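Student: I've got a protein on my screen and I don't really know how to read it. Can you walk me through some features?

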Amino acid sequence: MARDWLADHHGADITTIAMIEPSADPHADLDYQFAQYLPGTPPRFSLRGSCGHSILSSVAVAQRLAWLPRLDTASRPRVNVLNTGDRVECEVDGTSRTLTFAMEFAYQPPRRLRELLPTGSPCEELDGVPVSLVSAGNPYVFVDAAGLGLDDQEALFADDAAVRRRLTGIRRAAARRLGRPEGGVFPKVAAVGQYQYRRLAVLALPAPGRSAPLPPADAITVAAAAVIDGTIPQGLAQRGWSRLDELVVDTPGGTSVVRLTVSGNTADDTLTRASVRRGTVRYDGPVFLEPLRDLMFAPEDVPLPCAVR
């Protein structure tokens, strides 16, 4: 109902929804729950995974609602991600309308790297090609770009329709492998190439209706995959460098630098923290969702702010 109202009021491009409230947890400032709109008949919503960009947007909105103190360079608002159990700290820079963030995910207790492999295997065959299934917040299926005939970064980023169809088929096979609906958001799929020293190039098919740089949570999943022995991203990463704790990820939408705190790269080693710089949120102004009038906490003459990146 609310989604239909948005579509009728120039908000059809809004497909990621964040539900937030001040947290009762003394170790968090904000509780956040993610919902991804899935177009179709009937339309559906996925409540799995999370979205780094909408987490940042939620922090910007929470400040506007006075749920957080005024954000400045000393601020480190803490977000409790209800979908995944992740704890996220955000480092802030910028103006009141445009904020730039770095995000740090804390894993308490630390996560065994084997826990990031949803099938227990770092590499297996799906749809006739070797793949790695890895989940560090958002589940992904990774395939070697060279195996798709993409021998340089220009070819990988060319947005070839045949490549997109091939990746879509691999994603559907991975969804079946994990017991998830083929038409859902997760797992996501990405082709990974190693063309430059100490960098990985990643072409990830976006969620339905989205076209944006690789979200922070997804960049962290790429980096986590690149430290686990036997995965396709790790095999590619080893060609360029042996350092475990930092990865540069190039995508058609931009570059992310991800830093990890890991004890090693075996299945029994642990991931303690992951950070990525930087996401930018622009506050576009308030909107009142008429269908939710009876559910909203505010008086009817007070609009509910929303942040749109």
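Tutor: Sure! Let's start with helix length. The span you'd expect for a helix is 1.5 Å times one less than its number of residues. Helix α2, residues 52-64, has 13 residues, and from its first C-alpha to its last it reaches 19 Å, close to the 18 Å expected. Keep in mind that this is a predicted model.

Student: Okay. How many of the residues of α2 are buried?

Tutor: A residue counts as buried when its relative accessible area is under 20%. In α2 that holds for 12 of the 13 residues, so the helix is largely enclosed by the rest of the structure. Among them are Gly52, His53, Leu56, Val59 and Gln63. Just after α2, look at the backbone of Ala66: its phi is positive, about 65°.

Student: What does the whole protein look like in numbers?

Tutor: Its secondary structure comes to six helices and 16 strands. There are 309 residues, and 50% of them count as buried. The protein exposes about 14,200 Å², with carbon and sulfur atoms supplying 49% of that.

Student: Which share of contacts joins residues at least 24 apart?

Tutor: Take the contacts between residues at least 6 apart in sequence: 59% of them join residues at least 24 apart. You can also look at distance in space for a single pair. Val287 and Leu6 are 281 residues apart in sequence, yet their C-alpha atoms are 9.6 Å apart. Val287 belongs to strand β15, residues 286-287. Its relative accessibility is 26%, so Val287 counts as partly exposed.

Student: How do I read strand pairing?

Tutor: Two strands pair if at least two bridges are found between them. Try strand β9, residues 139-144, where five of the six residues are buried. On one side, β9 pairs with strand β8, residues 129-135, in the antiparallel sense over four bridges. One bridge there links Ser135 to Pro139 in β9.

Student: What do β8 and β9 form, and what's in the turn?

Tutor: They form a hairpin, with three residues between the two strands. Gly137 sits in that turn and has a positive phi of about 110°.

Student: Which other strand is joined to β9, and do the two run parallel or antiparallel?

Tutor: That's strand β10, residues 188-196; it runs parallel to β9, and five bridges join them. For one pair to find on your screen, Asp144 has Val192 in β10 as its bridge partner.

Student: Which residues other than glycine have a positive phi?

Tutor: Asp127 is one of them, with a positive phi of about 55°. It's in the loop between β7 and β8, and at 38% relative accessibility Asp127 counts as partly exposed. Asp159 is another case, with phi near 60°. You'll find Asp159 in the loop between α3 and α4. At 49% relative accessibility, Asp159 also counts as partly exposed, because the cut-off for exposed is over 50%.

Student: Where is there a cis peptide bond?

Tutor: Check the omega angle: between Gln108 and Pro109 it is about 0°, and that bond is cis. Pro109 lies in strand β6, residues 98-112.

Student: How do I read the surroundings of one residue?

Tutor: Find where it sits, then how covered it is, then what it touches. Let's do Asn80, which is in strand β4, residues 78-81. Its relative accessible area is 13%, so Asn80 is buried. Leaving out residues up to four places away in sequence, Asn80 touches Ala28, Leu30, Asp31, Tyr32, Asp86 and Arg87. With Arg87 there's also a polar contact of 3.2 Å between the side chains.

Student: Last one: how many disulfides does the structure hold?

Tutor: A disulfide needs a pair of cysteine sulfur atoms within 2.5 Å. This structure holds zero disulfides. You can still practise reading cover on the cysteines: Cys90 is buried, at a relative accessible area of 0%, while Cys123 is partly exposed, at 32%.

Technical notes:
Residues are numbered from 1 along each chain as its sequence is written. This is a predicted model: local features need pLDDT of at least 70, side-chain atom pairs count only at pLDDT 80 or more; totals for chains, interfaces and linings use all residues. Side-chain values use heavy atoms; hydrogens and water are left out. Buried means under 20% relative accessible area, exposed over 50%, partly exposed in between (1.4 Å probe, protein chains only). A polar contact is a pair of N or O atoms within 3.5 Å; within protein, one must be able to donate a hydrogen and the other to accept it, and residues adjacent in sequence count only if both atoms are side-chain atoms. Contact means heavy atoms within 4.5 Å. Accessible areas come from the Shrake-Rupley method with a 1.4 Å probe; for residues, only the protein chains shown count as cover.
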